[in-house]
Amino acid sequence: MSRDAGEHPTDRDETTALERDFLDHLWPPFTQMQGLVPIVIESAEGAIIRDVHGNEYLDAFASLWSVNVGHGRREIVDAIVAQAAEIACYHVFGVGNVPSIRLAAKVAGLLPGDLDHVFLCLGGGEAVETALKMARQYWRNRGVGSKYMVLYRDRSYHGTTFGAASAQGLSVNRQKFEPLLPGFIRVPAPYCYRCAFGQEFGACDVECARAVEQEIEFRGAENVGVLLGETMIGTGGVIPPPDEYWPLVCEICQAHDVLVINDEVITGFGRTGSWFGFERWDSTPDLVTMAKGLASGYLPLAAVAAREHVYQAFLGPAAEMKQFMSGATFQGHPLCSAAGLANLEILERERLVERCDDLGPHLQDGLRTLLAHPIVGDVRGVGLVAGLEFVRDKETREWFPRSASAATKVRDEALRRGVFVRPLAEGHVLGLAPPFVISPEQIDTIVRVLDESIDVVERELGYV
Ligand SMILES: Cc1ncc(COP(=O)(O)O)c(C=O)c1O
């Protein structure tokens, strides 16, 4: 059935059919379909999304921390259409297409230092997979094939492909897929609220960073090739590291000839109020992975950026076969690249990264008022990304059981009140990551709705 543009909502029969087809045919990720109440999104603008019934919601998670410039950006749509009229698809296996070259040069220009070489991908997990393979081949090309081990952190999330899943720090995301790849070694997270060493924030010796050195020495530096870490842990619970963490980790890795990959899939392109999270936290990665904010999700787009010394290891006479032996058909896709370029133009023109930095305190201060609730144990975040950690008891910091997640109950209540937020960290944390175009008034609405929703859940759980 066709409808005129702008006509809304979808008629009743079509809506019912869509919801039925959703339940019968669309198999979504990470979703228990039994008992699912379908929500079908139809349109969106700015920070507002609408379902097929015409209900409006505030998108306080920017789809999945991705639609940073907001929904409904005509400029990006126009750029995609204009590019499709030139050439819709051409690969980049030994050739270039115009927008992919422009995008790579643009991203290299935004990155600091000599992170000058950009390998385009289509998703965050694929970017992580690619960076891990680059690290592996880098050491092979340099004649040190023994350096195959990967250090990753507790509570990390890097995607779901086998390599990325092997670096999963959340047990529910890995247990069902064991055995995963060999050589992936877990080190502690810089998680001050639940310090693995029982220390208090500010009075420690950054034991979580020093543990990296102990692990490298235990395994032997000749066996350890790379450390992979989200600059700020996202899905594992929005965990900004202490300032001392990344400089010390990088110093340790450099001293032992271990490459550092900063996974900037969430933090890249402004989410924390800096263009890249590793600038804010003073990290010096050899490889950087990016995705969500690169095209604000208008089309699938991701990238890996490599420093000069990494890239150089892949150069040589044809007979030596030093070129990176990995790739996929749609990498460097012209339409995705055009979307990325238009998105970056908007970020720059409207100074949205600066806006994210300016609005950050408004969001973070508002959310911190929720600490008055007995079940809100911690509120963390920076820029326009935040997490509320729920606890049964503030003194002991005991979590609710996963099967009775307070964050999930609060999410459900917030949804009833027209706000989309997302449980993270196996249901212990509620995540917020609104589009950068969100207004201060919309932020106030989110905080008010969360306040009311937590009240309801606390009543249900017998706290008040
Ligand atoms: C830090 C990080 N890395 C990688 C990924 C995987 O990205 P994708 O879902 O696009 O594969 C995610 C997804 O949320 C992420 O947060």
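**Exercise 1. In which strand is the place of arginine 380? Then establish whether this residue is buried or exposed, and which side chain it contacts.**

Solution. The structure is a predicted model, and every solution below should be read with that in mind. Begin by locating the residue: arginine 380 belongs to strand S11, which covers residues 376–382. Next, consider its accessibility, where the cut-off for a buried residue is under 20% relative accessible area. Arginine 380 has a relative accessibility of 9% and therefore counts as buried. Finally, look for a partner of its side chain, which is found in the side chain of glutamate 389, with a polar contact at 2.8 Å.

**Exercise 2. Describe the surroundings of the ligand, beginning with the residues around it and ending with the area that the protein buries.**

Solution. First list the shell, which consists of Gly123, Gly124, Gly125, Tyr157, His158, Gly159, Glu230, Thr235, Asp263, Val265, Ile266 and Lys292. Sorting these residues by character gives three nonpolar, six polar and three charged members; glycine is counted among the polar ones in this scheme.

The second step is to look at individual atom pairs. An oxygen atom of the ligand lies 2.8 Å from a backbone N or O atom of glycine 124, and for glycine 125 a backbone N or O atom is found 2.7 Å from an oxygen atom of the ligand. With aspartate 263 the pair involves the side chain, one of whose N or O atoms is 2.6 Å from a nitrogen atom of the ligand. As a last step, turn to the surface: the ligand taken alone exposes 390 Å², of which the protein buries 79%.

**Exercise 3. Work out which residues of helix H7 are buried, and explain how they are arranged around its axis.**

Solution. Start with the dimensions of H7, which comprises the 13 residues 207–219 and reaches 18 Å from its first C-alpha to its last, close to the 18 Å expected at 1.5 Å a residue. Then pick out the buried residues, namely Cys208, Ala209, Ala211, Val212, Glu215 and Ile216. These residues lie on the same side of H7, because the arc that they cover around the axis is only 145 degrees. The exposed residues Gln214, Glu217 and Phe218 are carried by the face of H7 that is turned away from its buried side.

**Exercise 4. Compare the expected span of helix H14 with the distance between its end C-alpha atoms, and then examine what follows the helix.**

Solution. Helix H14 runs over residues 440–460 and has 21 residues, so at 1.5 Å a residue it should span 30 Å, and the 30 Å between its end C-alpha atoms agrees with this. Its buried residues include Ile443, Ile446, Val447, Leu450, Ile454 and Val457, and among them are also Gln442, Ser453 and Glu458. After H14 comes glycine 462, which has a positive phi near 80 degrees.

**Exercise 5. Examine the backbone at proline 179, valine 206 and methionine 321, and place each residue in its loop.**

Solution. Take the peptide bond first: from glutamate 178 to proline 179 it is cis, with omega near 0 degrees. Proline 179 itself is in the loop between helix H6 (162–166) and strand S6 (184–187).

Valine 206 is not a glycine, although its phi is positive at about 50 degrees. It is found in the loop between S6 and H7, and valine 206 is buried, with a relative accessible area of 9%.

For methionine 321, phi is near 55 degrees, again a positive value in a residue other than glycine. Methionine 321 lies in the loop between helix H10 (308–312) and helix H11 (334–349), and at 44% relative accessibility it counts as partly exposed.

**Exercise 6. How many residues apart in sequence are asparagine 55 and glutamate 42, and what is their C-alpha to C-alpha distance?**

Solution. Asparagine 55 sits in the loop between strand S2 (48–51) and strand S3 (56–59), and its relative accessible area of 37% makes this residue partly exposed. Glutamate 42 is in strand S1, residues 41–45, and is likewise partly exposed, at 26% relative accessibility. The two residues are 13 residues apart in sequence, and their C-alpha atoms are 10.0 Å apart in space.

Definitions and conventions
Residues numbered from 1 in each chain as written. Predicted model: local features only at pLDDT ≥ 70, side-chain atom pairs only at ≥ 80, totals over all residues. Heavy atoms only, no water. Near = heavy atom within 4 Å. Polar contact = N/O pair within 3.5 Å; in protein donor to acceptor, adjacent residues only side chain to side chain. Areas by Shrake-Rupley, 256 points an atom, 1.4 Å probe, with all protein chains shown as cover. Helix = DSSP H or I, 4+ residues; strand = E, 2+ residues; numbered from the N terminus. Expected span 1.5 Å × (residues − 1). Buried < 20%, exposed > 50% of the residue type's maximum accessible area, 1.4 Å probe, protein only. Arc of directions from axis to C-beta.
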